[in-house]
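Let's take a walk through this model together, one stop at a time. Keep the viewer open and follow along.

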Amino acid sequence: MSATLDAPRPAHGIPPSGPSPEESAALADFGGIEITDIDLSQPLSDADRDRVMRLFRAHPVLVFRGQSLTKDQQYAFTLHFGEIEGAHVNRLIDSKNYAPVHTVSNLDAEGNPSEVLRERGNYYWHSDKSYHAVPSLLTMLHAVELPPKGGETQFANTAKAYAALPDATKAEIAGLRAIHSWEASRIQCGGRPATPEQIAERPPVDHPLVRIHPDTGAKALYLGNHASHIVGWPKEDGQALLKRMIGHVSQGRFVYTHRWQQGDLVLWDNRCLVHRALPHEAMGVNRRVLHRTVVKGTVPY
Ligand code: OGA
Ligand code: MN
């Protein structure tokens, strides 16, 4: 038996399913951009605001370096992009409130680092809130506490991936709609099963498998861990197609791996990418905490 097979399985149990950081593309090749000359903690001048909006329309990932924002400041910056969505109830088992600026972390209810991930779905390729009829426009994460090693965030550009498909595949998937649901998402990531209340709160929705980006007009695959099968197809066939498509989009050439630095604020366009967190070293010991805001989008077409 090989050494790899003999190696103990990490307690978090997240399977590797994509490129390593070394195998992924540079930020610019992915289509992203780094911005180092704006202080987002201060009210933006009209010129800076216009610049940020322009950059967001042209780049699926914006990486701001050297930032230090309070939750109130992150809230104010996020508002430039539209309506802020709260985290759903039960996102944190210790919180019963919707929170516009909430936390993504590997901390348990007592605030201690844990390998038992309650935000398990974040470690599987997904587009935020695609289980909603009106999914997210963008998500923003601001690094607060970072582990010494690992814990990167990966982004796969689903517009570039769509453009690279053979014409026969584009014809095969034209007009298809995928079913997305909270329940499927829980099952597919092996997390805590959805409760009957959660299923009732978020019944399945369907979205085009190929959506058009409202700003750029580009076609992009719209899929991920919340999507389970295809409308009008036998379940297994739909699952197999979605699996094949995720395999396509998660090739290194379409992926940017963000290695977090202190002071980073990263925002991304959920309409033309999927993303996931990578586990970090010794998750039971090392803390990873980021502040998150999400802006509501529009119905995909
Ligand atoms: C998210 C998410 C990934 C990460 O906040 O929506 O998927 O790297 N986060 O924490
Ligand atoms: Mn996410």
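## Starting in a loop

A good place to begin is A109, which sits in the loop between β4 and β5. One thing to keep in mind as you look around: this is a predicted model. A109 is partly exposed, with 34% of relative accessible area. To get a feel for distances, pick P10 as a partner: A109 and P10 are 99 residues apart in sequence, and their C-alpha atoms are 21 Å apart in space.

Step back to D108, another resident of the loop between β4 and β5. D108 comes out at 26% relative accessibility, so it counts as partly exposed, since the partly exposed class runs from 20% to 50%. If you measure out to G82, which is 26 residues away along the chain, the C-alpha separation is 31 Å. What does D108 touch, once its neighbours within four places in sequence are set aside? The contacts are S114 and R118. The side chain of D108 also has a polar atom 2.9 Å from the backbone nitrogen of E110.

S114 deserves a look of its own. It is found in the loop between β4 and β5, and at a relative accessible area of 12% S114 is buried, because buried means under 20%. Leaving out residues up to four places away in sequence, S114 touches N106, D108, M283 and G284.

Now for some backbone geometry. K129 is in the loop between β4 and β5 as well, and its phi is near 55°, a positive value in a residue other than glycine. Is K129 buried or exposed? With 5% relative accessibility, K129 counts as buried. A282 gives you another case: its phi is near 50°, again positive in a residue that isn't glycine. You'll find A282 in the loop between β14 (273-277) and β15, and its relative accessible area of 38% makes it partly exposed.

Next, the ligand. Around ligand 1 you'll see V104, N122, H126, D128, L141, T153, W268, H275, A277, R288 and R292. Which of these put a polar side-chain atom by an oxygen of ligand 1? T153 does, at 2.5 Å. R292 has a polar side-chain atom 2.8 Å from an oxygen atom of the ligand, and for N122 the distance is 3.5 Å. On its own, ligand 1 has 290 Å² of accessible area, and the protein covers 100% of that.

On to the helices, with one rule of thumb in hand. An α-helix has 3.6 residues a turn, so residues three or four places apart point the same way.

Try that on α4, which spans residues 71-79 and has Q74, F77 and T78 buried. These three cover an arc of only 100° around the axis, which puts them on the same side of α4. What covers the buried residues of α4? The cover includes α3 (46-58) and the strands β2 (61-64), β3 (84-85), β5 (136-145), β13 (265-269) and β15 (289-296).

The last stop is α9, residues 235-249. A quick sanity check on its geometry: at 1.5 Å a residue, the 15 residues of α9 should span 21 Å, and the end C-alpha atoms are indeed 21 Å apart, so the two values agree. Which residues of α9 are buried? They are G238, L241, L242, M245, I246, H248 and V249. Looking down the axis of α9, you'd find these buried residues within an arc of 155°, so they line one face of the helix. On the other side of α9, E236 and K243 are exposed.

Zoom in on H248, which belongs to this helix. Its relative accessibility is 13%, so H248 counts as buried. Not counting residues up to four places away in sequence, H248 touches A161, A164, L165, L221, R253 and F254.

Methods:
Residues numbered from 1 in each chain as written. Chains lettered and ligands numbered in written order. Predicted model: local features only at pLDDT ≥ 70, side-chain atom pairs only at ≥ 80, totals over all residues. Heavy atoms only, no water. Helix = DSSP H or I, 4+ residues; strand = E, 2+ residues; numbered from the N terminus. Buried < 20%, exposed > 50% of the residue type's maximum accessible area, 1.4 Å probe, protein only. Contact = heavy atoms within 4.5 Å. Expected span 1.5 Å × (residues − 1). Arc of directions from axis to C-beta. Near = heavy atom within 4 Å. Polar contact = N/O pair within 3.5 Å; in protein donor to acceptor, adjacent residues only side chain to side chain. Areas by Shrake-Rupley, 256 points an atom, 1.4 Å probe, with all protein chains shown as cover.
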